[in-house]
Amino acid sequence: MDMNLSPEDLAFRDEVRTFLDAKLTDEIREGARLTPSVRSPMGPSRAWGKALADKGWLCHAWPAEYGGPGWNVVQRYIFELECALAGTPVLNHMGRKMVGPVVMKYGTQAQKDEYLPGILSDELIWCQGYSEPGAGSDLASLQTSAVSDGDDYIINGSKIWTTGAHQADHIFCLVRTSTEGKRQEGISFVLFPMESPGITVKPILTFAGDHDFNQVFFDNVRVPKANRIGDENKGWTVAKYLLEFERGGVFYSPQVRAGVEKLAYIAGQEPAGGGAKLIDDPGFRRKLADLEIQVSAAEMSEQRVMSTLSQGQNPGAASSIFKLRGSEIYQDMLEATMKAIAYYAAPYQPEAYIPGNNVDAIAPEYGIVASSQYFNQRAATIYAGSSEVQRTIIAKHVLGL
Ligand SMILES: Cc1cc2nc3c(=O)[nH]c(=O)nc-3n(C[C@H](O)[C@H](O)[C@H](O)COP(=O)(O)OP(=O)(O)OC[C@H]3O[C@@H](n4cnc5c(N)ncnc54)[C@H](O)[C@@H]3O)c2cc1C
């Protein structure tokens with residue numbers, strides 16, 4: 001495929017750059033720089049979400065009929081790359097990237113009217129209730145029960161590793177509505193507010209020290225059946241569709257490309273002995289070149305697959321390839337960054353991650369969150385389905401083995 005940008009694409013890129021220059025305030029940029037984990041500090045992230053929503057660019061992959069900007073795949077790629085290079089905060093993606101497309105495909109008109117506007121405007125923050133203490137890779141073994149009671153379900157059980165549950169307005173949740181027959185055939189997909197009576201959220205800290213995820217307990221939580229997406233006991237189909245978007249609905253490579261560029265910058269600053277810089281070291285240069293090649297290959301694959309899809313459509317099982325390669329290259333890049341900042345990786349200074357702090361950081365600005373990101377992203381090959389699970393999907397559904 002032709003990777004050269006047309007004059008129209010270049011004009012579009014300029015438009016994006018102008019927007020980023022105008023709307024990325026110092027506070028938002030600082031929040032992005034001080035992102036220690038998969039989530040940016042809430043204030044800058046929400047401010048950036050609002051700036052995008054006001055422009056109509058927040059849900060940039062959505063079809064125009066649902067309020068998306070109607071961009072083609074090259075425009076989407078340009079936008080994501082420019083955002084990554086400019087250093088924008090990580091946005092809460094569970095609404096626009098995950099449950100939004102599901103509501104578009106399986107929701108009733110009333111459900112679309114209820115949920116999509118809040119996602120488009122970034123007012124509704126979501127969390128994902130899939131995993132349970134006994135159900136991760138083997139998701140179909142989930143036990144959280146939803147028992148029919150007139151027009152409602154009564155939900156009992158627990159979800160775990162629920163990212164952002166402590167800040168979310170709503171949860172999309174897999175529940176067991178039948179214990180008959182195959183396990184996959186007794187699951188339903190429901191949405192409900194996190195302030196519903198009977199919900200308790202308990203924090204779980206990562207070994208990097210971040211509070212990203214939680215365990216969520218349901219004690220007789222009453223949820224109207226009208227909140228179910230799709231038919232009763234058909235939630236497995238809905239759940240799998242959402243996972244395709246979670247794993248492959250956006251490009252992975254822009255973030256890694258931006259990370260590799262930052263790595264090259266760091267190597268230009270850090271000493272390598274004898275007055276030389278790390279960037280002059282042949283071993284380091286080989287590593288940088290290796291990362292560049294991996295990112296370029298990932299970019300080509302993503303764009304090739306994405307360009308065959310129509311707007312709002314998802315790459316299906318190919319999303320597992322993106323997820324697998326994207327997460328592995330990302331980890332590789334973060335490991336190289338750790339090595340590049342050398343002893344600056346050692347200090348643990350979480351107070352220096354807080355936007356607006358007056359802490360005298362030990363590391364230079366480019367090293368403040370590097371080790372936190374490295375440790376946090378060890379999880380990248382686990383969340384959204386582990387690498388082993390992605391390899392099985394690729395073997396079965398892409399390679400037909
Ligand atoms: C940072 C983070 C955020 C998360 N956020 C959320 C969230 O918001 N909502 C949510 O619902 N879940 C979330 N998860 C949970 C995530 O989806 C699960 O951790 C993941 O699916 C793996 O499940 P598990 O942890 O139970 O591990 P297990 O399924 O017990 O797997 C343990 C190991 O066995 C391997 N394994 C398991 N089965 C197979 C197999 N069939 N073949 C080969 N190897 C196998 C796995 O690859 C893994 O290495 C999050 C996880 C992390 C780490």
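Is Asn220 buried, partly exposed or exposed? In this predicted model, Asn220 has a relative accessible area of 48%. Buried means under 20% and exposed means over 50%, so Asn220 counts as partly exposed. The residue is found in strand 7, which comprises residues 213-224. Its backbone also deserves attention, for the phi of Asn220 is near 55 degrees, a positive value in a residue other than glycine. Most residues other than glycine have a negative phi. Asn233 also has a positive phi, near 70 degrees, and is likewise a residue other than glycine. Its setting is a loop, the one between strand 8 (228-229) and helix 7 (235-248).

From these two asparagines the description turns to strand 4, which spans residues 170-176. This strand is mostly covered, as seven of its seven residues are buried. The side chains of strand 4 point in two directions: His170, Phe172, Leu174 and Arg176 point one way, while Ile171, Cys173 and Val175 point the other way. The residues of both groups are buried.

Strand 4 has paired strands to consider as well. With strand 1 (residues 126-129), strand 4 pairs in the parallel sense, over four bridges. Within this pairing, Ile171 of strand 4 is the bridge partner of Cys127. With strand 5 (residues 187-193), strand 4 pairs in the antiparallel sense, over seven bridges. Here Phe172 stands opposite Leu191 of strand 5.

The ligand forms the last part of this account. Where does the ligand lie with respect to domain 2 and domain 3? Domain 2 (126-236) and domain 3 (243-398) both give residues to the shell around the ligand, and it therefore lies between them. There are 15 residues around the ligand, and those that come nearest are Ser131, Ser137, Trp161, Ser386 and Glu388. By residue class, the shell divides into seven nonpolar residues, seven polar residues and one charged residue.

Several polar contacts can be followed atom by atom. In the side chain of Ser386, an N or O atom is 2.5 Å from an oxygen atom of the ligand. For the side chain of Glu388, the corresponding distance from an N or O atom to a ligand oxygen atom is 2.6 Å. Tyr130 takes part through its backbone, where an N or O atom lies 3.0 Å from an oxygen atom of the ligand. On its own, the ligand has 960 Å² of accessible area, and the protein covers 62% of this.

Definitions and conventions:
Residues are numbered from 1 along each chain as its sequence is written. This is a predicted model: local features need pLDDT of at least 70, side-chain atom pairs count only at pLDDT 80 or more; totals for chains, interfaces and linings use all residues. Side-chain values use heavy atoms; hydrogens and water are left out. A residue is near a molecule or strand if one of its heavy atoms lies within 4 Å of it. A polar contact is a pair of N or O atoms within 3.5 Å; within protein, one must be able to donate a hydrogen and the other to accept it, and residues adjacent in sequence count only if both atoms are side-chain atoms. Accessible areas come from the Shrake-Rupley method with a 1.4 Å probe; for residues, only the protein chains shown count as cover. Ala, Val, Leu, Ile, Met, Phe, Trp, Tyr, Cys and Pro count as nonpolar, Asp, Glu, Lys and Arg as charged, and the others, Gly among them, as polar. Domain bounds come from an automatic or database domain assignment. Buried means under 20% relative accessible area, exposed over 50%, partly exposed in between (1.4 Å probe, protein chains only). Two strands pair if DSSP finds at least two bridges between them.
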